[in-house]
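Please open the model in your viewer and keep a selection tool at hand, as this tour moves from one selection to the next.

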Amino acid sequence: MLYIQESNGAYRKATEADVLGAATALFKRHFCTGNPLTEPAKAAEYLKLQLAQYEHEVFVCVFLNSQHQVLALDELFRGTIDGASVYPREVIKAVLQHNAAAMIVAHNHPSGKAEPSQADRTITDKLKNALALIDVKLLDHFIIGESVYSFAENGLL
């Protein structure tokens, strides 16, 4: 059992939200602006922690500089329980606003199944091609479910 000390000195049992909040804060230190993102496994863990809580699809982008240091993480699109519309034009606008040289994208599957759909494959290809036109590299696309699926690790990027 974990306990948290309140500001008045009293202790209370930690809730699930307390534990998730502490874990999120710990991972955010790895994702702080200026930190290099060198381990895909850490990115996957952080993104799973960020996206697993949603009961609807959420699409996020991690913007990186040329040294793969984190510039920002933005939630760009929200969807329903089984889909989210992703618009390459809006992704490109965000990339240019952050002056990113590379990026990682991720979205969750509320069903828990992390396998990519045909729509996931199609949008990944569209994003990769659109980003290549402005010399920005798409490093990975993670799908977050009960497990994490990496397009890069599965040879789809």
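Helices and strands are here the runs that DSSP assigns, helices with at least four residues and strands with at least two, numbered from the N terminus, and H68 lies in the loop between two such strands, β3 and β4. The model you are looking at is predicted.

**The whole chain**

Before selecting anything, turn the full chain around once: its C-alpha trace spans about 60 × 35 × 25 Å along the principal axes. The chain holds 4 helices and 7 strands, which follow one another along the sequence in the pattern β-β-α-α-β-β-α-β-α-β-β. Of the 157 residues, 36% count as buried. Among the contacts with a separation of 6 or more, 60% come from residues 24 or more positions apart.

**The sheet**

Next, display the open sheet of 5 strands, whose order is β4-β3-β5-β6-β7 and whose pairing is mixed. The edge strands are β4 and β7 (148-150), each of which pairs on one side only, and from one strand to the next the twist averages 20°.

**Strand β5 and its partners**

Select residues 102-108, which form strand β5, a mostly covered strand with 7 of its 7 residues buried. In a regular strand the side chains alternate between the two faces of the sheet. Are the two faces of β5 covered or uncovered? Both are covered, since A102, I104, A106 and N108 on one side are buried, as are M103, V105 and H107 on the other.

Now add residues 58-64, strand β3, which pairs with β5 in the antiparallel sense over 6 bridges; to find one of these places, look at V60, whose bridge partner in β5 is A106. Then add residues 137-144, strand β6, which pairs with β5 in the parallel sense over 7 bridges. Two positions help in following this pairing: I104 has D140 as its bridge partner in β6, and N108 has I144. Between these two strands, the chain passes from β5 through helix α4 (residues 118-133) to β6, in a β-α-β crossover that is right-handed.

**Strand β3 and its hairpin**

Return to β3, which is also mostly covered, with 7 of its 7 residues buried. V58, V60, V62 and L64 point one way from this strand, while F59, C61 and F63 point the other way, and all of them are buried.

Extend the selection to residues 70-78, strand β4, which runs antiparallel to β3 and is joined to it by 7 bridges; V58, for example, has R78 as its bridge partner in β4. The hairpin of β3 and β4 has 5 residues between the strands, and H68 is the residue to center on there, with a positive phi of about 60° although it is not a glycine. Most residues other than glycine have a negative phi, and most peptide bonds are trans. Is H68 buried, partly exposed or exposed? Because its relative accessibility is 29%, H68 counts as partly exposed.

**A second positive phi**

Move to D135, in the loop between α4 and β6. D135 likewise is not a glycine and has a positive phi of about 60°, but its relative accessibility is 70%, so D135 counts as exposed.

**The helices**

Show residues 40-51, helix α2, which packs on the sheet and touches β3, β4, β5, β6 and β7, with a direction that makes about 50° with that of β6. Then return to α4, which lies across β3, β5 and β6 and runs at about 160° to β6.

For the last stop, keep α4 visible and add residues 88-98, helix α3. Two packed helices are described by the angle between their axes and the distance between the axes. What are the angle and the axis distance for α3 and α4? The helices pack at an angle of about 45°, with their axes 10 Å apart, and this angle is why α3 is oblique to α4. Their crossing is right-handed. To view the contact itself, show the side chains of P88, V91, I92 and V95 from α3 together with I123, K126, L127, A130 and L131 from α4, which are the residues that make it.

Methods. Residues numbered from 1 in each chain as written. Predicted model: local features only at pLDDT ≥ 70, side-chain atom pairs only at ≥ 80, totals over all residues. Heavy atoms only, no water. Buried < 20%, exposed > 50% of the residue type's maximum accessible area, 1.4 Å probe, protein only. Pairing = 2+ DSSP bridges. Right-handed = clockwise from strand over helix to strand, strands pointing away. Axes fitted to C-alpha atoms, helices over the stretch in contact; angles between N-to-C directions. Parallel < 35°, antiparallel > 145°, perpendicular 65-115°, else oblique. Left-handed = near helix turned anticlockwise from the far one by under 90°. Contact = heavy atoms within 4.5 Å.
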